Amino acid sequence: MALTITAADVAAVEVFEQWTGPAAEVITAGQMVRLDTTTGKATLSNGTTAAEARCRGIALTGATAAGISMTVVKRGVIDLGDALGDLNYDQAVYLDNTDGALGTAAGTVSLVVGRVVPVWGYPTADKALHVDL
């Protein structure tokens with residue numbers, strides 16, 4: 001099942017590794033991206049084939065058109081708003097077969113893109129995604 005992510009809710013909690021570069025297409029914050037092997041630009045990733053599943057991170061900022069620069073988190077903790085609310089802590093999150101989407105089950109090519117982790121506020125923990133690609 002694909003997760004529903006609201007781009008305005010996507011925020012970095014802690015970033016260990018990121019990269020910035022131009023997008024090959026429109027990309028929204030919270031979508032999974034890979035590198036286009038011809039242009040070197042960021043493009044949406046999905047779990048349909050091995051070539052499409054070469055996921056390089058999650059878009060922290062989006063791109064409203066091709067050529068717009070964007071930031072992608074390769075390793076870090078990302079707040080996705082309420083998208084992870086129904087999941088358990090330490091549950092795996094997968095690359096979905098839908099372009100750019102995260103899911104609770106593996107796509108055709110199984111790729112775990114992260115795990116649900118607690119981010120402590122007061123007095124309870126919020127759920128965030130620990131990405132390590």
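In this predicted model, the count of aromatic ring pairs comes to 0. A charge does sit over a ring, however: the charged end of K127 lies over the ring of Y89, at 5.1 Å from the ring centre.

**Nonpolar cores**

The largest nonpolar core comprises 21 residues, and those touching the most other members are I58, I78, L80, L84, V93, L102 and L129. Two or more residues are contributed to this core by each of β4 (55-59), β5 (69-80), β6 (92-95), β8 (112-120) and β9 (125-132). The greatest contribution is that of β5, with 3 residues. For I58, once neighbours within four places in sequence are left aside, the contacts are G30, Q31, M32, T71, V72, V73, I78, L80, L102, L129 and V131. Another core, of 10 residues, lies apart from the largest one; I27, V33, A63 and V72 are among its members.

**The environment of N97**

N97 is located in the loop between β6 and β7 (102-103). Is N97 buried or exposed? Its relative accessible area is 33%, so N97 is classed as partly exposed, a class lying between the limits of 20% and 50%. Excluding residues up to four places away in sequence, N97 touches N46, G47, T48, G107 and T108. With two of these residues, T48 and T108, a polar side-chain atom of N97 is paired as follows.

| Backbone atom | Partner | Distance |
|---|---|---|
| Nitrogen of T48 | Polar side-chain atom of N97 | 3.4 Å |
| Nitrogen of T108 | Polar side-chain atom of N97 | 2.9 Å |

Along the chain, N97 and W120 are 23 residues apart, and their C-alpha atoms are separated by 32 Å.

Methods:
Residues are numbered from 1 along each chain as its sequence is written. This is a predicted model: local features need pLDDT of at least 70, side-chain atom pairs count only at pLDDT 80 or more; totals for chains, interfaces and linings use all residues. Side-chain values use heavy atoms; hydrogens and water are left out. Rings of Phe, Tyr and Trp (its six-membered ring) pair if their centres lie within 6.5 Å; planes under 30 degrees apart count as stacked, over 60 as edge-to-face and the rest as tilted. A charge sits over a ring if NZ of Lys or CZ of Arg is within 6 Å of the ring centre and within 35 degrees of the ring normal. A nonpolar core is a set of buried Ala, Val, Leu, Ile, Met, Phe, Trp, Tyr and Cys residues joined through side-chain atoms within 4.5 Å. Buried means under 20% relative accessible area, exposed over 50%, partly exposed in between (1.4 Å probe, protein chains only). Helices (H or I, at least four residues) and strands (E, at least two) are DSSP runs, numbered from the N terminus. Contact means heavy atoms within 4.5 Å. A polar contact is a pair of N or O atoms within 3.5 Å; within protein, one must be able to donate a hydrogen and the other to accept it, and residues adjacent in sequence count only if both atoms are side-chain atoms.
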